[in-house]
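Let's take a walk through this protein together, with the model open beside you. We will begin inside and finish at a ligand.

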Amino acid sequence: MSLVRIVAALALVTGLSAALIVPPASPAQPAPDAGAGQPEFSLEDLDALLEEDELEESVASLSGAEIGDIVGMALVLGFAVFSFMRKSVALKYVSFAASIAYLGFYKSNLVSIVNIFAILEGNFPDVRHSIAWYLLIGFTAVSTVLWGRLYCGRICAFGAFTQLLDRIVPARLRFDPPPRLDRRLAYLKYVILGAVLLYFLASSDFLVYRYVEPFWMFTLNGNVVMWTLLGTLLLATIVIRNLYCRYLCSVGAALGLISNLTVFKIKRWQECQGCKICEKACEWGAIDGPTISLAECVRCDDCERLYHDEQKCVHWLILHKKPKTQPAAS
Ligand code: SF4
Ligand code: SF4
């Protein structure tokens, strides 16, 4: 116990003792001031002192590596939000590179189905030594409620890796599943999420993650089966863009469910009813006519940048045309 805590405890005990052993004042003597000479500590004061003391201990006990983790995580997350707010393609790619390098290969710290297992079991790491982990999980939860699957569109190192891969793969190698098939396949990830959770609840075998998510690849540490599955997945991803994220990822499925709560949704114009420009541009199959599927959208910005493009977006083209035609009609 630290000095502050000992002193506070002694002060409280001393104060209580004094109150108990001081004899009642004689009526012949003037009544002493009720508070005079007694320590003014209440239980609330002691609690506050103890909390302050624990905070000091927590901060003091953080190692240099832990402080580095917190700063690194805050920078990656902060930059991702900055790039998202700026709607900049260049900044988005910088954000991808930071996620792959730092969260992927350097820290191997991605949101995983294992985190969902831990939450189900109420098994949380010690806050004092896992602040970076709480930052990542807290950011993912809060940003998903605010904007939808921003984690998938910007932070997840595997998602960033496959999105960058998509940029270097020749378009002629790509196959886009027809929209109806795409929508059906998108349900597969929810089936996988449900099956894995049931398996875990029945067996407590958290190692199942190795066969349902490829995030371990950033550790470069897998067995033959895992590497074979990963190789097959990456080859298939060359042909069908974002294949794992769209159809197979259980974390993406869980975030997709939370995304239905999205507060700040993407704006749609009335003209989006008939226009297909954004629907064709969306690489995630999230747009169906005038509707954006909150569960599938990863806030990649592609459609939002189109909305703001006054040379391409039908909404703006009509708006710019109106002033020219109106004077002629009158
Ligand atoms: S769907 Fe899964 S792999 Fe893809 S970006 Fe989201 S969490 Fe990462
Ligand atoms: S293009 Fe628009 S709807 Fe499609 S994923 Fe990107 S932000 Fe979401």
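What follows is a tour of a predicted model, going from its core to one helix and then to a ligand site.

A good place to start is the largest nonpolar core, which has 53 residues. Among its members, L110, Y151, C156 and A157 touch the most others. Many helices feed into this core: helix 3 (64-86), helix 4 (89-106), helix 6 (131-147), helix 7 (150-155), helix 8 (157-168), helix 10 (188-203), helix 13 (243-248) and helix 14 (250-259) each supply at least two residues. Domain 2 (64-264) and domain 3 (265-321) both contribute residues, so the core lies between the two domains.

Now zoom in on A157. Beyond its neighbours within four places in sequence, A157 is in contact with S99, I100, L103, G104, L110 and F218. A157 is also part of helix 8, where A157, F158, G159, A160, F161, T162 and Q163 are buried. What covers these buried residues? The cover includes helix 4, helix 7, helix 12 (224-239) and helix 13. As for its dimensions, helix 8 has 12 residues and spans 17 Å from its first C-alpha to its last, close to the 16 Å expected at 1.5 Å a residue.

Our last stop is ligand 2. Here 15 residues surround the ligand, and the closest are C282, C297, C300, D302 and C303. Helix 16 (residues 302-308) gives the most to this shell, with three residues. Sorted by class, the shell around ligand 2 holds 11 nonpolar and four charged residues, with no polar ones.

Technical notes:
Residues are numbered from 1 along each chain as its sequence is written. Chains are lettered from A and ligands numbered from 1 in the order in which they are written. This is a predicted model: local features need pLDDT of at least 70, side-chain atom pairs count only at pLDDT 80 or more; totals for chains, interfaces and linings use all residues. A residue is near a molecule or strand if its C-beta atom, placed from the backbone, lies within 6 Å of it. Helices (H or I, at least four residues) and strands (E, at least two) are DSSP runs, numbered from the N terminus. Ala, Val, Leu, Ile, Met, Phe, Trp, Tyr, Cys and Pro count as nonpolar, Asp, Glu, Lys and Arg as charged, and the others, Gly among them, as polar. A nonpolar core is a set of buried Ala, Val, Leu, Ile, Met, Phe, Trp, Tyr and Cys residues joined through C-beta atoms within 7 Å. A residue is buried if 20 or more other C-beta atoms lie within 10 Å of its own, exposed if 12 or fewer, and partly exposed in between; C-beta atoms are placed from the backbone. Domain bounds come from an automatic or database domain assignment. Two residues are in contact if their C-beta atoms, placed from the backbone, lie within 7 Å. The expected span of a helix is 1.5 Å times one less than its number of residues.
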